[in-house]
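Here are my notes on the model you sent over. Have the viewer open while you read them.

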Amino acid sequence: MLFVHNGDLHDPSLNLALEEYVLRHLPADNDYLLFYINEPSIIIGKNQNTLEEINEDYVQERGLHVVRRLSGGGAVYHDHGNLNFSFITKDDGESFRNYRKFTQPVIEALHSMGVEAELSGRNDIQVGERKISGTAQFATRGRMYTHGTLLFQSDISHVAAALKVNPEKFKSKSTKSVRSRVANISEFLLEPMTVEQFRSRLLGFLYKGEPVQTYELTEADWEGVRRIAEERYRSWDWNYGRSPEFNMRQVKRLSAGTYDVRLNVAQGRIERASIYGDFFGTAEVSELEELLAGIRYEPGSVREALAGVELTPYLGPVELEEFLELMF
């Protein structure tokens with residue numbers, strides 16, 4: 001197994017792109033190990049509706065990255081206190097869905113540091129009833145990766161706030177995240193250490209104290225990584241537009257009346273908008289609904305589409321920002 005150093009990058013788009021590049025382009029006769037630590041971000045499962053998983057207001061306020069990964073499963077919060085691991089291997093017909101094969105070495109490493117961790121359910125690592133790690137897998141063309149989080153010293157309050165969404169606002173058939181009681185590994189260590197020291201200890205254990213064999217990425221490799229990051233992981237179409245079809249409904253009382261906004265969204269774009277309420281308008285609200293059709297379901301796109309549109313004839317005395325709050 002060759003270790004691939006990510007250059008201490010913390011950009012989740014680049015780290016996920018590096019993982020995909022190693023999977024698809026490095027020599028397939030080797031297995032690889034990758035570690036990375038991301039800036040504050042939410043990583044969305046492949047089959048999830050992004051907006052159904054994130055607290056959009058919190059994401060915008062904090063400037064969090066939102067990136068969809070290739071593997072399935074639920075949304076997770078990453079920050080500088082979260083170490084991510086990835087085993088990139090051959091898909092031998094027996095390893096996919098065999099999470100124990102890949103989590104057991106990590107669990108044994110945790111045991112060596114005094115952390116009484118164990119595999120729970122299908123793909124989580126827990127200490128007692130508290131989750132410290134979740135894993136997921138992706139396979140393609142005879143190759144696969146098994147990657148997971150290791151909550152070392154994350155800000156748990158941010159984990160809860162970033163992923164807190166009103167369940168009545170969105171209705172869809174997407175894969176929903178299951179929230180568990182979480183804990184940091186640092187709480188259970190016999191001796192204090194930094195996340196960097198933890199990474200070094202984990203790496204040493206996985207290589208059984210032997211010299212770590214590495215694969216040195218070339219500039220051509222990095223060029224390929226950056227290309228994948230731009231084409232996929234920094235793409236709105238991938239991160240938001242790929243979301244399964246969903247319906248959004250929000251009812252809110254404003255000074256001009258009560259407004260009931262309902263949207264049908266597919267591929268990240270508004271297919272149909274319906275606006276109800278007890279407000280007084282002089283123009284047909286259906287004209288406003290038609291203006292919204294085909295627009296990306298994101299505040300910036302809607303703001304741009306309605307720039308210069310006088311809302312009062314349709315909705316009564318409502319400002320654009322008030323209307324955006326009705327939609328998001």
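The points below go through a sheet, a helix lying across it, a helix pair and a hairpin.

1. First, a reminder that this is a predicted model. Keep that in mind for everything that follows.

2. The open sheet has 8 strands, ordered β7-β8-β9-β10-β6-β2-β1-β12, with mixed pairing. At its edges sit β7 (118–120) and β12 (214–215), each of them paired on one side only.

3. Take a look at the β12 end. Strand β1 (residues 2–4) runs parallel to β12, and 2 bridges join them. Phe-3 has Thr-214 in β12 as its bridge partner.

4. What lies across β1, β2, β6 and β10? That would be helix α6 (residues 195–206), which runs at about 170 degrees to β2 (32–36). The β6 and β10 stretches it lies across are 82–90 and 143–151.

5. Helices α1 (residues 12–25) and α7 (residues 219–233) pack with their axes 8 Å apart, at an angle of about 115 degrees. Their crossing is right-handed. On the α1 side, the contact residues include Leu-14, Ala-17, Tyr-21 and Arg-24, while those in α7 include Trp-222, Val-225, Ile-228 and Arg-232. Sorted by class, this contact has 11 nonpolar, 3 polar and 5 charged residues.

6. Last, the hairpin: β14 and β15 form one with 2 residues between them, and Gln-267 in the turn has a positive phi of about 55 degrees. Strands β14 (residues 257–266) and β15 (residues 269–277) are antiparallel and pair over 8 bridges. Arg-262 stands opposite Ser-274 in β15.

Notes
Residues are numbered from 1 along each chain as its sequence is written. This is a predicted model: local features need pLDDT of at least 70, side-chain atom pairs count only at pLDDT 80 or more; totals for chains, interfaces and linings use all residues. Side-chain values use heavy atoms; hydrogens and water are left out. Axes are lines fitted to C-alpha atoms, for helices over the stretch in contact, and angles run from 0 to 180 degrees between N-to-C directions. Helices (H or I, at least four residues) and strands (E, at least two) are DSSP runs, numbered from the N terminus. A crossing is left-handed if the near helix is turned anticlockwise from the far one by less than a right angle, and right-handed if clockwise. Contact means heavy atoms within 4.5 Å. Ala, Val, Leu, Ile, Met, Phe, Trp, Tyr, Cys and Pro count as nonpolar, Asp, Glu, Lys and Arg as charged, and the others, Gly among them, as polar. Two strands pair if DSSP finds at least two bridges between them.
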